[in-house]
Amino acid sequence: YGSEAYEEPLEEAMSEANEASVRRAVAAFNDPVGRDHYLDLYAPDVVLHGYPSGVEGRVGAHRFYSQLWAAFPDARLSLEETIASGDRIAVRYILTGIQAHDFYGAPLRSGATRIEGMTWLHFRDGRVVEVWQVSGTPDTLTRLSARAATAPSRRSASADAAALRWEDDHPEA
């Protein structure tokens with residue numbers, strides 16, 4: 001049996017400590033006054049998969065979540081299920097909130113938002129060093145796309161200028 005007898009209790013203790021860290025982070029996420037402490041979960045150089053382009057490291061995660069909390073001031077994260085093994089945790093969650101501002105191309109719409117998601121967290125030394133994030137069901141993605149499609153279009157100064165130049169060059173049209 002040798003060292004194998006010690007590996008299982010050590011792995012179990014690591015899993016429990018990491019899962020407790022996730023639960024503390026979620027409690028911070030749900031606390032409008034202490035939300036920034038949610039990011040204590042992440043190592044400074046955390047690698048993020050499944051986030052918008054350009055979101056890198058803890059600084060990028062802070063920027064992303066700051067925008068999320070501004071768009072959904074009442075955002076609430078609930079853990080539906082966790083599976084932990086050593087330095088990795090899989091989490092199934094639900095994010096709810098009422099949108100108050102535009103968020104990553106989804107214009108403001110009334111009504112509650114409910115997003116189901118899953119994340120896979122890799123821990124090292126008590127901090128998350130890598131995240132694989134999958135959120136949104138086809139229904140949620142369809143609603144967000146429909147919101148963006150029904151948003152009023154913005155006038156483009158460059159398009160207006162090009163149209164005027166075209167009219168000047170083609171007065172017979």
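This section describes the fold, the sheet, the helices and selected side-chain pairs of a predicted model.

The protein chain contains 173 residues, of which 33% are buried. Its secondary structure amounts to four helices and five strands, and these elements follow one another from the N terminus in the order α-β-α-β-β-β-β-α-α. Contacts that are distant in sequence figure in the fold: when contacts between residues at least 6 apart in sequence are considered, 55% of them join residues at least 24 apart.

The five strands assemble into an open sheet of mixed pairing, with the order S1-S5-S4-S3-S2. The edge positions are taken by strand S1 (42-49) and strand S2 (76-85); each has a single partner strand, so one side of each remains without a neighbour in the sheet. On average, neighbouring strands of this sheet are turned by 25° against each other, direction ignored. Edge strand S2 pairs with strand S3 (residues 88-98) in the antiparallel sense, and nine bridges connect the two. Within this pairing, Leu-77 lies opposite Leu-95 of S3, and Ser-78 lies opposite Ile-94 of S3. In a regular strand, side chains alternate between the two faces of the sheet.

The hairpin formed by S2 and S3 has two residues between the strands, and Gly-86 in this hairpin adopts a positive phi near 60°. A salt bridge is also found in this part of the chain, between Arg-88 and Asp-87, with the closest N and O atoms 3.8 Å apart. Both partners are partly exposed, the relative accessible area being 29% for Arg-88 and 27% for Asp-87.

A second positive phi occurs at Asp-125, which is not a glycine and has a value of about 55°. Most residues other than glycine have a negative phi. Asp-125 is located in the loop that links strand S4 (112-124) to strand S5 (127-135), and its relative accessibility of 80% places this residue in the exposed class.

Helix H2 (residues 57-71) packs on the sheet through contacts with S1, S3 and S5, and the direction of H2 makes about 70° with that of S1. The length of H2 agrees with expectation, because its 15 residues should span 21 Å at 1.5 Å a residue and the end C-alpha atoms are 21 Å apart. The buried residues of H2 are Gly-57, Gly-60, Ala-61, Phe-64, Tyr-65, Leu-68, Trp-69 and Ala-71. These residues cover an arc of only 165° around the axis and therefore lie on the same side of H2.

Helix H1 includes Ala-28, a residue with a relative accessible area of 12%, which falls under the 20% limit and is therefore classed as buried. Leaving aside residues up to four places away in sequence, Ala-28 touches Gly-34, Arg-35, His-37 and Tyr-38. Of these contacts, Tyr-38 is ten residues from Ala-28 in sequence, and the two C-alpha atoms are 5.1 Å apart in space.

Helix H1 also carries a salt bridge, in which the side chains of Glu-19 and Arg-23 meet at 3.3 Å, N to O. The two residues are separated by about one helical turn, because they are four residues apart in H1 (residues 4-29). Glu-19 is partly exposed at 21% relative accessibility, and Arg-23 is likewise partly exposed at 44%. Side chains of opposite charge can pair when their charged atoms come close.

A further salt bridge joins the side chains of Glu-116 and Arg-114, with an N to O distance of 2.7 Å. Glu-116 has a relative accessibility of 36% and is partly exposed; Arg-114 is also partly exposed, with a relative accessible area of 41%. The count of salt bridges in the model comes to four, among them the pairs Glu-19 with Arg-23, Arg-88 with Asp-87 and Glu-116 with Arg-114.

Definitions and conventions:
Residues are numbered from 1 along each chain as its sequence is written. Side-chain values use heavy atoms; hydrogens and water are left out. Buried means under 20% relative accessible area, exposed over 50%, partly exposed in between (1.4 Å probe, protein chains only). Two strands pair if DSSP finds at least two bridges between them. Axes are lines fitted to C-alpha atoms, for helices over the stretch in contact, and angles run from 0 to 180 degrees between N-to-C directions. Contact means heavy atoms within 4.5 Å. The expected span of a helix is 1.5 Å times one less than its number of residues. The arc is that of the directions from the helix axis to the C-beta atoms.
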